[in-house]
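Work through the following exercises with the sequence and the coordinates open beside you, and attempt each task before reading its solution.

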Amino acid sequence: MQIPLVDLQAQYRSIKSEIMAAIEGVLENMQLFLGPQSLAFEEEFARYCGCQYGVGLSSGTDALVLALRACNIRPGDEVITVANTFIATVEAIALVGAKPVFVDIDPHTYTMDWRQLDQVLTSNTRAIIPVHLYGHPADMQPILDFARLHDLRVIEDASQAHGATYQGRQVGGMGDIGCFSLYFSKNLGAYGEAGICVTNDFRLAETLRKLRDHGSLIRYHHEVLGVNARMDEIQAAVLRVKLRYLDQWNVARQTHANFYSEHLREVVEVVPVIQPWATDVYYVYVVQVRERDLVRKGLEQKGIATGIHYPIPIHLQPACAHYGYVRGMLPVTEAVTERILSLPMYAELTTEHLQMVVNAVKASTVLEVSSS
C-alpha cells in the first residue's frame, strides 16, 4: 500500500457530485470572475474568520503583496517576519520594495518569537508579518500589543492555518489584514490557485478590491495602478463547497495528529506541541528526527511519502543573500530545519494508514539508531 503525503483524490471522491454541480452552475452562468460565487465566498469566508470583509484573489502570494500595498508599505520600509516559512512571505515584502527583517522562532511552535521584536525594531519598521505555520497559530497578543505600542501594521500570514484559533478567535481576524493561500493542498484548497484577504477595515477592503482589478472599482476608471489578481468564479464555487466541510476535515486532522503523537512521542525526538491558547489544524504534521535522510529512506521503502517544510530557511536562500544574513544569526530556525520531517496528513487517512505510518517510523528510527 502506498500512502501519499496528501491524497486529494480521496477528498474529491467524497464531494464529487457537489463539486461538479457547482462548476456546472458557473459554466451555465458564464460570469467567470467577480460574479455571484466570488461574492458569496468572500462573505462566507470573512464571516467564518469573524471579519466583516473578504476580498478574493488569485493566490496567497497576491494576498500578501496586496495586503502590504493596502497598508502603504513602500520601498525602504522594513517588515519584521520569520525565516521558517514558504518563500512567498518574503517575496511579497520584496515585491513592494520593502526589506524583510527576520526574528527567530519559538522552538515549540515554530512560529515567531515575539520576545525578539524589540531587538530588530528601527525607525524604518512599518509592519509585522507573523506566520501561523503548519496549522498552529503564532502567539498573537504580544505581537499585537507590540505593534500597537509602536504604530505598526500587523498582516497575518494564515496560509497554513484555515480554521485554527488563538484564544478562541479565528486566525486571520486579529491583525489589520489576514492573508490566506487557497492553494490546492491546503486545508481549504481550490482546484489550482486562489487566495483571500480578510479584514474589519472598510478602507483596507476597498483598497484591496481596487488593487486586485487594475486599480479599478468602476470599469475603465482606474484610480491607481493595480494588477490582475482576481479570483476565478469556478474556484470560488469549489471553495464554497469545501468551506462547508472545513471544520469536519480539521477535526479529522486533529484526531489523526493525536494518534500519531500518542504512538510516536517516545519514538521521535519531538512531536508537535499545542499551546493552551491555540488550536492546531495540522496543515502538516511535523516531527523532529535525527538522521532525517535515513528515516525518510526507510519510510519511502515502505511506500510512505514524507516532506520537509522547509529544508532551507529563507534567510539562507541564495535569493535572499543580499539581505546580509549568515548562518548562526537565527539559531533556533537553523537547528530545527535540520531535523523536521512531515508525515502523511489529510482528513481521509484511515486507522490502517496511521498504524502503517507509525510502524514504519518506529522501524526506521530503530534503523537510524543502529546505523549511528
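**Exercise 1.** Determine where Phe33 is found, and decide whether Phe33 counts as buried, partly exposed or exposed.

Solution. Begin with the secondary structure of this predicted model: Phe33 lies in the loop that runs between α1 (8-29) and α2 (36-48). Next, take the relative accessibility of Phe33, which is 39%; because buried means under 20% and exposed means over 50%, Phe33 counts as partly exposed. Finally, look at the surroundings on the surface, where Phe33 belongs to a nonpolar patch together with Leu27, Met30, Leu32 and Leu34, and where these residues together have about 430 Å² of accessible area.

**Exercise 2.** Find which parts of the chain are linked by the salt bridge between Arg153 and Asp176, and classify the accessibility of Arg153 and of Asp176.

Solution. A search of the whole structure gives twelve salt bridges. For the pair Arg153 and Asp176, the closest N and O atoms are 3.0 Å apart, which means that the contact satisfies the 4 Å limit for a salt bridge. The pair then proves to link distant parts of the chain, since Arg153 is in strand β5 (residues 153-157) while Asp176 is in the loop between β7 (169-170) and β8 (177-181), 23 residues apart. As for accessibility, Arg153 is partly exposed at 28%, and Asp176 is likewise partly exposed, with a relative accessible area of 23%.

**Exercise 3.** Describe the salt bridge between Lys210 and Glu223, and state for Lys210 and for Glu223 whether the residue is buried or partly exposed.

Solution. The closest N and O atoms of Lys210 and Glu223 are 3.1 Å apart. This pair, too, links distant parts of the chain, with Lys210 in helix α7 (residues 202-212) and Glu223 in the loop between β11 (221-222) and α8 (233-243), 13 residues apart. Lys210 has a relative accessible area of 17% and is therefore buried, whereas Glu223, at 44% relative accessibility, counts as partly exposed.

**Exercise 4.** Locate the partners of the salt bridge between Asp213 and Arg230, say whether they are buried or exposed, and then name the residues joined by salt bridges that share partners.

Solution. The side chains of Asp213 and Arg230 meet at 2.7 Å, N to O. Asp213 sits in the loop between α7 and β10 (216-218), and Arg230 in the loop between β11 and α8, 17 residues apart. Both Asp213 and Arg230 are buried. Elsewhere, salt bridges with shared partners join Glu269, Arg290 and Arg339 into one network.

Technical notes
Residues are numbered from 1 along each chain as its sequence is written. This is a predicted model: local features need pLDDT of at least 70, side-chain atom pairs count only at pLDDT 80 or more; totals for chains, interfaces and linings use all residues. Side-chain values use heavy atoms; hydrogens and water are left out. Patches are made of residues with over 30% relative accessible area and no salt bridge: like charges are joined within 9 Å, nonpolar side chains (Val, Leu, Ile, Met, Phe, Trp, Tyr) within 5 Å. Accessible areas come from the Shrake-Rupley method with a 1.4 Å probe; for residues, only the protein chains shown count as cover. Helices (H or I, at least four residues) and strands (E, at least two) are DSSP runs, numbered from the N terminus. Buried means under 20% relative accessible area, exposed over 50%, partly exposed in between (1.4 Å probe, protein chains only).
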